[in-house]
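Visitor: I'd like a close look at a single part of this protein, with its surroundings explained step by step. Could you pick one strand and walk me through it?

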Amino acid sequence: MTAADGRTPFLSAEKAAEVRERFGTPCYVYDRAALEATARRLLGLEVPYGLTLRYAMKANPSRGILQVFRGLGLHVDASSDWEVERALRVGFAPEQILLTSQMPSRRIAEHVARGVLLNACSLHQLESYGQAAPGRPIAVRLNPGLGSGSTKRTNTGGPSSSFGIWHDHLADVQAVARRHRLTVRTVHTHIGSGTDPEVWKRATRMTLDLVAQFPDVATVNLGGGFKVGRMPEEPTVDMGEVATHVRGELEAFRQRDGRALRLEIEPGTYLVARAGAVVATCIDVVDTGRDGYLFAKLDTGMNEVTRPSLYGAQHPIDVLAAGRDPAEVVFVGPCCESGDILTPAPGDPEALGPRWVPRPQIGDLVVVGGAGAYCAAMSTINYNSYPQAPEVMLEPDGTLRLLRKRQSLDQVLANEV
Ligand SMILES: Cc1ncc(COP(=O)(O)O)c(C=O)c1O
């Protein structure tokens with residue numbers, strides 16, 4: 001694993017200033033060069049019997065980003081009927097889209113008619129798919145009995161997780177499949193986000209042991225969850241090492257079972273996290289006395305970058321000011337919510353985690369880094385009636401291209417009748 005440098009290398013102070021001048025703050029910025037470079041690196045991973053790289057679009061479903069990945073030949077992991085539709089509208093072929101949803105699909109017949117791939121995430125879903133589309137190939141999401149995430153809230157495996165069909169229920173899976181003449185072609189596991197690579201490796205073996213019990217499976221999908229360091233002290237998983245490990249496992253599986261399994265992985269975070277940032281403005285500076293804290297209030301917070309207040313997640317924050325003395329600062333957002341904190345203590349959304357930065361002043365440009373994944377996608381839009389922030393693509397030639405405008409008040413109110 002390697003550590004991040006903690007900054008937002010693609011965004012110079014001049015570029016951040018240009019973002020503010022042209023689009024206002026807060027504003028998301030994505031770096032096309034970084035998106036492409038990461039995707040190409042993953043497409044080049046060496047695995048023995050073929051690789052499908054699915055982008056977990058829940059991480060960031062912006063059309064601008066989906067277009068980049070479609071252009072490079074990635075497929076899609078969609079987490080709802082709505083994401084399926086968004087991917088289709090961007091031009092992904094139906095057979096490039098795998099629907100893996102907690103919500104039973106309400107459009108099964110349509111998906112089947114178009115060729116969208118379905119992943120049954122519960123016995124109920126499997127039964128519904130069987131009834132709607134008997135005799136079809138199918139994927140099943142299994143819970144291998146083991147999970148790992150950056151926090152408990154992003155752990156999607158083991159007995160505390162509702163995701164997938166529990167590994168002991170294989171006889172039920174086989175019975176439902178038999179009853180509806182479904183052929184299980186893909187076994188899928190995804191044990192969490194920000195997964196410990198050692199746990200992921202163990203889950204790989206457990207998944208292959210489950211595959212062994214499905215004679216028609218030709219593809220194993222090992223999900224996403226690959227850890228990305230946003231802060232200098234946070235490690236990033238070495239994907240080459242992951243590929244080497246999986247290669248060994250797939251070759252060993254072939255030796256004992258005879259099948260050469262195609263591999264699918266579906267990273268979200270890994271593909272986009274560090275290719276995004278939020279450009280913001282410091283709107284106020286207050287303190288709570290000598291024994292208290294110095295707070296910098298930004299015009300961005302939980303509305304655009306929800307992860308810190310939700311998980312205690314850490315994002316690099318750069319105050320773009322030269323020649324200032326350093327100060328220990330707690331960064332907060334503009335919402336009337338004491339939980340609107342951008343610098344909680346690591347892993348503890350309730351506690352404060354001040355940072356040493358150039359002492360902020362009102363009007364300073366501030367960049368919140370590591371904001372490509374689960375930020376625009378997971379934002380608490382319109383809390384306090386703040387409009388949804390715009391999204392901009394930084395093109396490799398240095399130009400800024402608007403992907404999505406800032407919401408207007410009329411748009412905030414549009415569905416009120
Ligand atoms: C089924 C599935 N696949 C892939 C992912 C992507 O995870 P990450 O963004 O951590 O790579 C998720 C995230 O929740 C998921 O639920």
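Guide: Happily! Let's take strand β2 and begin with its two faces: C27, V29 and D31 are buried on one side, and Y28 and Y30 are buried on the other, so that both faces are covered. In a regular strand the side chains alternate between the two faces of the sheet. Counting along residues 27–31, 5 of the 5 residues of β2 are buried, so the strand is largely enclosed by the rest of the structure.

Before going further, please keep in mind that this is a predicted model. The average pLDDT of the protein is 95, and 99% of the residues score at least 70. Residues 1–5 have a pLDDT below 50, although this stretch has 20 contacts in the model beyond near neighbours in sequence. Where pLDDT is low, the predicted coordinates should not be read in detail.

Now to the partners of β2. With strand β13 (residues 276–287), β2 pairs in the antiparallel sense over 4 bridges, and Y28 stands opposite V278 there. With strand β21 (residues 391–394), β2 pairs in the parallel sense, over 4 bridges. In that pairing V29 has V392 as its bridge partner.

The approach to β2 along the chain deserves a look too. P26 is found in the loop between α1 (13–23) and β2, and a cis peptide bond joins T25 to P26, with omega about -5 degrees. Most residues other than glycine have a negative phi, and most peptide bonds are trans.

That remark about phi is useful for the partner strand β21 as well, when we look at the loop between β20 (365–368) and β21, where I381 has its place. Y374 lies in this loop between β20 and β21 and has a positive phi, near 55 degrees. Y374 is buried, with a relative accessible area of 16%. N382 also has its place in the loop between β20 and β21, and its phi is positive too, near 75 degrees. At 22% relative accessibility, N382 counts as partly exposed. I381 is likewise partly exposed, at 37% relative accessibility. Leaving aside neighbours within four places in sequence, I381 is in contact with N303 and Q388. For a sense of scale, the C-alpha atoms of I381 and F253 are separated by 46 Å, with their positions 128 residues apart along the chain.

To set β2 beside a helix, consider α4 (residues 81–90): 7 of its 10 residues are buried, so α4 is also largely enclosed by the rest of the structure. Those buried residues are D81, E83, V84, E85, A87, L88 and V90. They pack against α3 (63–71), β4 (75–78), β5 (97–100) and α5 (108–114). After α4 comes G91, whose phi is positive, near 110 degrees.

One helix pair rounds off the tour. The axes of α6 (residues 123–132) and α7 (residues 170–179) come within 9 Å and cross at roughly 10 degrees, and the two helices are therefore roughly parallel to each other. In this contact L123, L126 and E127 of α6 meet D172, V173, V176, A177 and R179 of α7. By class, the contact has 5 nonpolar, no polar and 3 charged residues.

Conventions
Residues are numbered from 1 along each chain as its sequence is written. This is a predicted model: local features need pLDDT of at least 70, side-chain atom pairs count only at pLDDT 80 or more; totals for chains, interfaces and linings use all residues. Side-chain values use heavy atoms; hydrogens and water are left out. Buried means under 20% relative accessible area, exposed over 50%, partly exposed in between (1.4 Å probe, protein chains only). Two strands pair if DSSP finds at least two bridges between them. Axes are lines fitted to C-alpha atoms, for helices over the stretch in contact, and angles run from 0 to 180 degrees between N-to-C directions. Angles under 35 degrees count as roughly parallel, over 145 as roughly antiparallel, 65 to 115 as roughly perpendicular and the rest as oblique. Contact means heavy atoms within 4.5 Å. Ala, Val, Leu, Ile, Met, Phe, Trp, Tyr, Cys and Pro count as nonpolar, Asp, Glu, Lys and Arg as charged, and the others, Gly among them, as polar. pLDDT is the predictor's confidence in each residue, from 0 to 100.
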